[in-house]
Amino acid sequence: MTGRAFLVVMDSVGIGGAPDAHRFFNGPKPDTGSNTAGHIAESCADGRADRDRRGPLMVPTLDALGLGKAITLASGDSAPGLYARPTGAWGAATEVSNGKDTPSGHWELAGVPVPWDWHTFPDADPAFPDDLTTMICQAAGTGGLLGNRHASGTAIINEEGARHIQTGWPICYTSVDSVLQIAAHEDHFGLDRLLSLCAELAPTLHAMKVGRVIARPFVGTPEDGFTRTVNRKDYAIAPPAKTLCDYVQDAGRPVHAIGKIGDIFSMRGIDDVRKGRDLDLMGHLDDLVETADDGAFVFANFVEFDSEYGHRRDVPGYARHLEWFDAELAKLLPKLRADDLLIITADHGNDPTWVGGDHTRERVPVLVHGIGAKQLGQLAFTDVAASVAAHLNIPYQGEGRSFL
């Protein structure tokens with residue numbers, strides 16, 4: 001039996017340099033020049049990220065795998081302090097799908113570029129057309145809804161949470177991504193009711209080529225503040241073709257999902273899912289490194305880089321989370337078997353030094369443990385899928401070329 005494959009997505013840890021970044025915007029500013037990892041390293045080196053951490057960005061494990069070299073390959077920029085001579089294989093991947101969103105990035109990493117343009121809602125107030133607003137209210141059984149605009153999830157909950165409790169109306173919002181997000185209080189509105197509402201709306205939104213309907217439950221009070229819970233659920237449109245997960249499962253191999261992978265792929269090609277906050281997810285990944293069978297595929301997403309720090313433009317928080325991830329990765333690598341493959345990558349950027357609060361169009365790192373030290377060069381997202389399939393020695397007819 002062949003070895004195992006672990007594909008780990010550091011959600012939003014882009015490395016700059018997307019050749020079409022000028023076509024993607026945060027407000028009026030194009031994403032040209034955005035560089036999530038590179039700009040965080042610069043901020044740390046300049047002393048602009050000294051909150052609950054200090055000094056240069058300390059990610060020696062990622063740098064040893066080739067992060068610093070990948071940033072330079074992608075963008076031409078040198079990241080302060082990330083000068084290691086790589087002991088892993090490293091490259092930079094460029095996306096072809098016309099989006100800088102989660103499904104586009106993950107599907108393409110799994111061998112399926114998005115063949116259509118996503119539907120997005122205008123940055124207007126209201127953002128949703130009247131017929132969709134009516135449908136949401138009818139499905140929710142309410143006389144109205146709150147929000148109905150582009151917004152940060154944490155900000156709109158703080159702004160509308162008290163009125164939500166008073167009226168019982170759901171908080172609905174969107175962004176430049178192809179998404180409808182619905183936030184509701186777990187106690188006052190009900191978690192099951194929120195999930196049912198999103199599930200009922202999802203088929204209509206998917207027919208419009210809206211990528212995801214996301215349930216965003218929260219708890220708390222107006223006096224003490226509101227907090228989103230771990231019970232988020234994404235109702236994503238199904239991929240348009242077989243993905244890497246399908247090919248692995250068709251070959252009779254187990255596919256283990258960690259984080260929101262199951263939601264992103266609509267549970268297609270997935271055997272089981274483990275969820276939680278990133279701290280919990282790292283524990284799940286560690287457990288599967290210890291216990292997953294030969295030939296298994298483990299696909300993980302660590303979302304808090306994006307959700308907690310990128311969208312909130314929190315540079316110190318993002319840096320601290322990178323350093324936490326790096327320290328955990330250092331403990332994980334020695335537990336891998338000699339014939340295991342580990343690929344660490346990202347799905348898009350979310351530069352916390354940038355304007356606005358949305359994703360940024362960037363290349364992503366491809367850092368590989370298990371095939372020696374070498375430069376992989378410029379890659380396609382789909383090359384990741386082809387390489388995993390080659391390592392697992394399974395039939396694969398998706399896009400991409402193996403770099404093994």
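Which residues of strand 11 are buried on one side, and which on the other? Before selecting them, keep in mind that this is a predicted model, and that every stop on the tour belongs to that prediction.

**Strand 11 and its partners**

Select strand 11, residues 255–258, and colour its two faces separately: Val255 and Ala257 lie on one side, His256 and Ile258 lie on the other, and all of them are buried, which leaves both faces of the strand covered. Next add strand 13, which pairs with strand 11 in the parallel sense over 4 bridges, and find Val255 standing opposite Phe297 of strand 13. Then add strand 12, which is joined to strand 11 in the parallel sense over 3 bridges, and look for Ile258, which stands opposite Arg274 in strand 12.

**The whole sheet**

Now widen the selection to the open sheet, where 8 strands follow one another in the order 12-11-13-1-14-15-4-16 with mixed pairing. At the edges are strand 12 (272–274) and strand 16 (374–380), and because each of these has a single partner strand, one side of each is left without a neighbour in the sheet. From one strand to the next, the twist averages 15°. Inside this order, select strand 1 (residues 5–10) together with strand 13 (residues 297–302), a pair that runs in the parallel sense over 6 bridges; here Leu7 has Phe299 of strand 13 as its bridge partner.

**Two helices across the sheet**

With the sheet still shown, add helix 10, residues 278–291, which lies across strand 1, strand 11, strand 12 and strand 13 and runs at about 165° to strand 13. Then add helix 13 (residues 381–392), which lies across several strands, among them strand 14 (341–345) and strand 15 (364–369), and runs at about 120° to strand 16. How many of the 12 residues of helix 13 are buried? The count is 11, so that helix 13 is mostly covered, and the buried residues include Phe381, Val384, Val388 and Leu392. Just after helix 13 comes Asn393, whose phi is positive, near 60°.

**The largest pocket**

Move on to the largest pocket, which holds about 800 Å³ of space, and select Ser175, Val176, Asp177, Asp358 and His359, the residues nearest its centre among the 42 that line it. Elements giving two or more residues to this lining include helix 6 (153–167), strand 6 (171–174) and strand 7 (179–185), while strand 8 provides the largest share, 3 residues. Coloured by class, the lining shows 9 nonpolar, 19 polar and 14 charged residues.

**The second largest pocket**

For the second largest pocket, with a volume of about 480 Å³, select Arg216, Thr229, Val230, Arg232 and Arg277, which are the closest to its centre of the 26 lining residues. Helix 6, strand 8, strand 9 (225–228), helix 10 and helix 11 each give two or more residues to this lining, so helix 10, already met lying across strands of the sheet, appears here again. By class, this lining has 6 nonpolar, 8 polar and 12 charged residues.

**Details in the loops**

The last stops are single residues in loops. Select Thr243, placed in the loop between strand 10 (233–236) and helix 8 (244–250); at 1% relative accessibility, Thr243 counts as buried because the cut-off for that word is under 20%. Leaving aside residues up to four places away in sequence, Thr243 touches Ala110, Val112, Phe265 and Arg268.

Go next to the loop between helix 4 (102–109) and helix 5 (130–140), where Pro126 lies, and display the backbone: a cis peptide bond joins Asp125 and Pro126, with omega at about 10°.

Is Ser12, in the loop between strand 1 and strand 2, buried or exposed? Ser12 counts as buried, at 0% relative accessibility, and its phi is near 85°, a positive value in a residue other than glycine. Finish at Ser266, in the loop between helix 9 (261–264) and strand 12, which also has a positive phi, of about 50°, although it is not a glycine. Ser266 is partly exposed, with a relative accessible area of 34%.

Conventions:
Residues are numbered from 1 along each chain as its sequence is written. This is a predicted model: local features need pLDDT of at least 70, side-chain atom pairs count only at pLDDT 80 or more; totals for chains, interfaces and linings use all residues. Side-chain values use heavy atoms; hydrogens and water are left out. Buried means under 20% relative accessible area, exposed over 50%, partly exposed in between (1.4 Å probe, protein chains only). Contact means heavy atoms within 4.5 Å. On a 1 Å grid over the protein atoms alone, a cavity is a set of points where a 1.4 Å probe fits but cannot get out, and a pocket is an open set with protein on both sides within 12 Å along at least five of seven lines; lining residues have an atom within 4 Å of a point. Grid points are joined across faces, edges and corners, and a volume is the space filled by probe spheres set on the points. Ala, Val, Leu, Ile, Met, Phe, Trp, Tyr, Cys and Pro count as nonpolar, Asp, Glu, Lys and Arg as charged, and the others, Gly among them, as polar. Two strands pair if DSSP finds at least two bridges between them. Axes are lines fitted to C-alpha atoms, for helices over the stretch in contact, and angles run from 0 to 180 degrees between N-to-C directions.
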